[in-house]
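Colleague: I have not looked at this one before. Can you walk me through it?

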Amino acid sequence: EDVSWLFNLRSDEIEYNPVVTAYSYVDRNSAFLFIHPGKVTESIRKSLENDSIHLLPYDSFHDFLGRIENQRIQFDPNRSNYQLFKQFSESNHIELSVSITSLIKSVKDATEIANIRSAHRKDGVAMVHFLYWITNTIHNEAITEVSVGHTLNEFRSKQEWFMGDSFHPIVGFGSHGAIVHYHATEQSDRIITPDNLLLLDSGGQYLDGTTDITRTICLGSPSTDQKEDFTICLKGHIALATAVFPSGTKGYSLDAITRKPLWDKALNYGHGTGHGIGYFLSVHEGPMSIRAEFNNEPIREGHLLSNEPGIYREGKYGIRIENVLLCNKYQTSDFGDFLCFETLSLCPIERKMIRIELLTKDEINWLNSYHETVFNELAPFIEDRSILKWLKEQCETLL
């Protein structure tokens with residue numbers, strides 16, 4: 001991801017991840033890009049050379065490194081392999097730290113943010129069309145976990161600049177939804193029926209951004225336990241979405257804020273709460289994260305992160321609610337700078353699953369405001385009046 005971002009290059013070599021296979025070496029005076037010549041078009045080659053970037057064959061990288069001596073080298077042990085470290089360290093002074101490129105690219109600039117908003121708007125339109133489709137199709141034809149992934153991809157493919165899925169969709173019906181990283185195959189594929197929950201975690205790669213969203217879908221009548229679990233999960237989701245925190249806060253502190261509504265009910269989930277997201281790059285991108293494990297990188301203004309608490313009942317069902325957050329400046333006080341989050345994902349949250357009496361007034365206000373934003377942002381891009389009517393119903397104000 002670092003090389004791709006640094007040189008503003010993308011590729012379709014690796015499924016779901018539009019990165020280039022390349023090495024680079026950058027010093028105070030020069031930038032070298034080591035890549036197979038056949039992978040670079042003539043126009044891209046000229047553009048790079050006009051920026052004084054030296055293009056060398058991919059296979060010449062290690063010979064090149066062998067000629068570097070007596071230099072101070074910044075090296076990220078999490079982003080590069082041991083062979084490179086060993087080769088460098090024999091004749092240079094190595095400083096092990098987070099890649100400078102990783103730190104810079106994790107903070108999205110104004111242009112990237114504007115484009116990312118556009119990508120999430122398009123992704124929201126695709127999600128609404130899909131949700132309308134499955135709601136009106138479930139009783140008329142057989143729908144399976146595998147076919148859900150294909151159908152959602154088709155809806156996304158109708159959006160401008162769509163380049164493919166950002167990861168293999170996680171489509172888990174019933175007990176499969178309780179398997180956090182479930183991957184539906186032809187052997188495990190299950191028909192979806194209205195008598196249980198469908199967990200759908202998916203995302204898209206667009207030229208103007210990368211998306212990641214999870215919705216728990218109820219196509220029938222939810223049980224009391226399902227509604228309570230969903231509402232508690234929603235409370236955790238809202239807790240992170242509305243968090244205000246001092247600059248310098250690490251992700252593990254925000255992880256605890258998110259989990260508190262679950263912990264209060266002796267519930268928990270065995271995965272991270274949030275991961276960084278690239279700009280038309282990998283859907284999982286560091287160096288920051290929101291999870292229980294220690295991570296020394298603070299959450300900064302301009303960071304793009306997921307918000308995805310969940311509750312999983314083994315052998316029964318899984319629940320997860322995921323949106324993408326943008327970290328913004330909140331305000332400056334006598335106690336320093338404070339940050340907050342803005343939710344960028346645009347898609348209704350399953351209202352029939354909510355036990356409104358378990359929500360506080362502030363939580364209800366957040367949900368109403370979110371749904372108002374969803375409708376206002378997506379409505380201009382939905383031409384089908386039936387779908388627009390359905391969307392309006394899903395975004396109606398709660399009590």
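Modeller: A definition to begin with: two strands pair if DSSP finds at least two bridges between them. Also, this is a predicted model.

Colleague: OK. How many bridges join β2 to β3, and do they run parallel or antiparallel?

Modeller: Strand β2, residues 31-34, is joined to β3 by four bridges, and the two run parallel. One of the partnerships is Leu33 with Leu55 in β3.

Colleague: What is the order of the strands in that sheet?

Modeller: The order is β1-β2-β3, an open sheet of three strands with mixed pairing. Its edge strands are β1 (23-26) and β3 (53-56), each of which pairs on one side only. On average, neighbouring strands in this sheet are turned by 20 degrees against each other, direction ignored.

Colleague: And the sheet with β8, which strands are at its edges?

Modeller: That open sheet has three strands in the order β7-β8-β11, with antiparallel pairing. The edges are β7 (170-173) and β11 (213-218), each pairing on one side only. Neighbouring strands here are turned by 10 degrees against each other on average, direction ignored. Six bridges join β8 (residues 197-202) to β11, and Leu199 stands opposite Thr216 in β11.

Colleague: Changing topic: how many salt bridges are there?

Modeller: The count comes to 23 salt bridges. One of them is between the side chains of Asp208 and Lys122, at 3.0 Å, N to O. Asp208 is in the loop between β9 (204-206) and β10 (209-210), while Lys122 is in helix α6 (residues 110-137), 86 residues apart, so the pair links distant parts of the chain.

Colleague: Is Asp208 buried or exposed?

Modeller: Asp208 is buried, because its relative accessible area is 3%, under the 20% limit. Lys122 also counts as buried, at 10%.

Colleague: What does Arg320 form a salt bridge with?

Modeller: With Asp201; the closest N and O atoms are 3.0 Å apart. Arg320 is in strand β17 (residues 317-320) and Asp201 in strand β8, 119 residues apart. Arg320 is buried at 2% relative accessible area, and Asp201 is buried at 6%.

Colleague: Then Glu393 and Lys389: how many residues apart are they?

Modeller: Four, within helix α11 (residues 385-394), so about one helical turn separates them. Their side chains meet in a salt bridge of 2.8 Å, N to O. Glu393 is partly exposed at 35%, whereas Lys389 counts as exposed at 53%.

Colleague: Last one. Where is Glu297?

Modeller: Glu297 is in the loop between β14 (285-290) and β15 (304-307). At 13% relative accessibility, Glu297 counts as buried. A polar contact of 3.4 Å joins its side chain to that of Arg300.

Methods: Residues numbered from 1 in each chain as written. Predicted model: local features only at pLDDT ≥ 70, side-chain atom pairs only at ≥ 80, totals over all residues. Heavy atoms only, no water. Buried < 20%, exposed > 50% of the residue type's maximum accessible area, 1.4 Å probe, protein only. Polar contact = N/O pair within 3.5 Å; in protein donor to acceptor, adjacent residues only side chain to side chain. Axes fitted to C-alpha atoms, helices over the stretch in contact; angles between N-to-C directions. Salt bridge = Lys/Arg side-chain N within 4 Å of Asp/Glu carboxyl O.
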